Amino acid sequence: MTEKSTALSHLKVLDLTRVRAGPTCCRVLADFGADVIKIEAPQGVDPNAGMSGARHGYDMLNLHRNKRSMTLNLKKPEGRALFLRMVETADVVVENFRPDVKDRLGIGYDDLAAVNPRIILASISGFGQDGPYARRAGFDQIAQGMGGLMGVTGMPGGVPIRAGAAVADSGAGIFAATGILVALAEREKSGKGQWIATSLLEAQIALMDFQAARYLVDGDVPPPAGNDHPYVTPMGVVETADGYLNLGVGGQGQWVAFCNVIDQPELAEHPDYATDTARFAHRGALWDHLRPVFAQRTTADWVLALEAGGVPAGPIYTMDEVFADPQVRHLGMAAPVHHPVRGETALVATPIKMSRTPPSVHASAPDAGAQTDEILAEYGLSPEEVAQLRAAHTI
């Protein structure tokens, strides 16, 4: 079994999250060795349970690896009291309820800070902790639409298209993890915790990056450009003899090199294509010129030829091809792990390399409440007290 990372092994994280954004945040911390305790409602208490799919399904296994699980009914006074007892010695609490839920449960930031002034509360919501949309239910695709991603994704003149991955969810989770690490670093100076918050909507807008800045700075509303780059040409997808290729000619030097690779050096000086501005102005005509050229050879042939010429290019993979690629294998992006039901399998590795304290996938996702007794024993509860809590359906 892979050894647990030691980078954050001194931290205890209470994970109240569900679905994707919150679990993504906690997974980052767990992969670096934090003791992440996934606190779940006892069976039948949470009407939204199961939104990440089957317990032993690929999504749950990937989102909740490296964590421990206990059940706790926060709606019961005994459950809330036990949670606050856990907060006393915790470093971080992460939640992604609707903004009003934590206050109704009596576990808002002021409640937590009253028992532990060093606690860091990370809240992830759909639209923010306050404002006119604060209580709306938020999902990734809704944030993709409202954050501008779907407005620039798809073919010109076509319908808006969502991204094929949960960009807003994953982005919010990663931003929340970043905020937690910043708060932990600041706590070393001040000795105080704080409340950090992000949302799917904020994360999606931030991830729009240059497209958002294009509007804010120049007042230009970017349209969908299909597979073409918004302002660089030729950069996009072109069909080859056996599939498709991503081509990226990013500057004047690469343009000249590209023309040599396709055995048309004279094209580099053509008045319609000689500069970045000219190529963009005549983008349609340039692609019309290049399509029959690329149709003559396979994707693999073009990748090798363009690489030799110093021109960025790459194949467009299906997921099986992604993990068969030699560079992906070298990077170790499929992390092996044993699951008691699924057996030997692999999960998506953390994409960060560290020289001394690397992340690891050391444990499979736990079943709900798998470590309840173990965790409560660590807080000094006797077997008799645990049995009483279980009989009262508090755990």
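## Sheets, helices and contacts in a predicted model

Strands E8 and E9 (residues 313-315) run antiparallel and are joined by three bridges. This is a predicted model, and the report starts with the sheet that holds this pair.

**The three-strand sheet**

Strands in a sheet are held together by backbone hydrogen bonds, and they can run parallel or antiparallel. Here the sheet is open, has three strands and follows the order E7-E8-E9. Its pairing is antiparallel. E7 and E9 are the edge strands, each pairing on one side only. From one strand to the next, the twist averages 25°.

Now look at the other pair. Strand E7 (residues 235-239) and strand E8 (residues 244-248) are antiparallel, with five bridges between them. Together E7 and E8 make a hairpin, with four residues between the strands.

Individual residues show how the strands line up. Gly236 lies opposite Leu247 in E8. Leu247 also has a bridge partner in E9, namely Ala313. Leu245 faces Pro315 in E9. In a regular strand, side chains point alternately to the two faces of the sheet.

A helix accompanies this sheet. Helix H13 (residues 283-294) lies across E7 and E8. H13 runs at about 45° to E7.

**The six-strand sheet**

A further open sheet has six strands in the order E3-E2-E1-E4-E5-E6. Pairing in this sheet is parallel. Its edge strands are E3 (68-71) and E6 (195-199), and each of them pairs on one side only. Neighbouring strands here are turned by 20° against each other on average, direction ignored.

At the E3 edge, strand E2 (residues 35-40) pairs with E3 in the parallel sense over four bridges. Glu40 has Thr71 in E3 as its bridge partner.

**Helices that pack on H8**

Two packed helices are described by two values: the angle between their axes and the distance between those axes. Helix H8 (residues 167-190) packs with helix H1 (residues 21-31). The axes of H8 and helix H9 (residues 200-208) also cross. The table sets out both pairs.

| Helix pair | Angle | Axis distance |
|---|---|---|
| H1 and H8 | about 45° | 7 Å |
| H8 and H9 | roughly 95° | within 8 Å |

What do these angles say about direction? At about 45°, H1 is therefore oblique to H8. H8 and H9 are roughly perpendicular to each other, because angles of 65 to 115 degrees count that way. The crossing of H1 and H8 is right-handed.

Which residues make the contacts? On the H1 side they are Ala21, Thr24, Cys25, Val28 and Leu29. Their partners in H8 include Ala172, Ile174, Ala176 and Leu181. By class, this contact has 10 nonpolar, three polar and one charged residues.

H9 meets H8 through Leu200, Ala203, Gln204, Ala206 and Leu207. On the H8 side, the residues include Val167, Ala168 and Phe175. By class, the contact of H8 with H9 has eight nonpolar, two polar and one charged residues. Asp169 and Ala172 in H8 appear in the contact with H1 and also in the contact with H9.

**Salt bridges**

Side chains of opposite charge can pair when their charged atoms come close. How many salt bridges does the whole structure contain? The search finds 18. One of them joins Arg68 and Glu374, with the closest N and O atoms 2.6 Å apart. This pair links distant parts of the chain, since Arg68 sits in strand E3 and Glu374 in helix H17 (residues 372-378), 306 residues apart.

**Two unusual backbone spots**

Most residues other than glycine have a negative phi, and most peptide bonds are trans. Where does the backbone depart from this? Asn66 is not a glycine, yet has a positive phi of about 70°. Asn66 is found in the loop between helix H2 (58-63) and E3.

The other spot is a cis peptide bond between Thr233 and Pro234, with omega about 0°. Pro234 belongs to the loop between helix H10 (210-218) and E7.

Key:
Residues numbered from 1 in each chain as written. Predicted model: local features only at pLDDT ≥ 70, side-chain atom pairs only at ≥ 80, totals over all residues. Heavy atoms only, no water. Pairing = 2+ DSSP bridges. Helix = DSSP H or I, 4+ residues; strand = E, 2+ residues; numbered from the N terminus. Axes fitted to C-alpha atoms, helices over the stretch in contact; angles between N-to-C directions. Parallel < 35°, antiparallel > 145°, perpendicular 65-115°, else oblique. Left-handed = near helix turned anticlockwise from the far one by under 90°. Contact = heavy atoms within 4.5 Å. Nonpolar A, V, L, I, M, F, W, Y, C, P; charged D, E, K, R; others polar. Salt bridge = Lys/Arg side-chain N within 4 Å of Asp/Glu carboxyl O.
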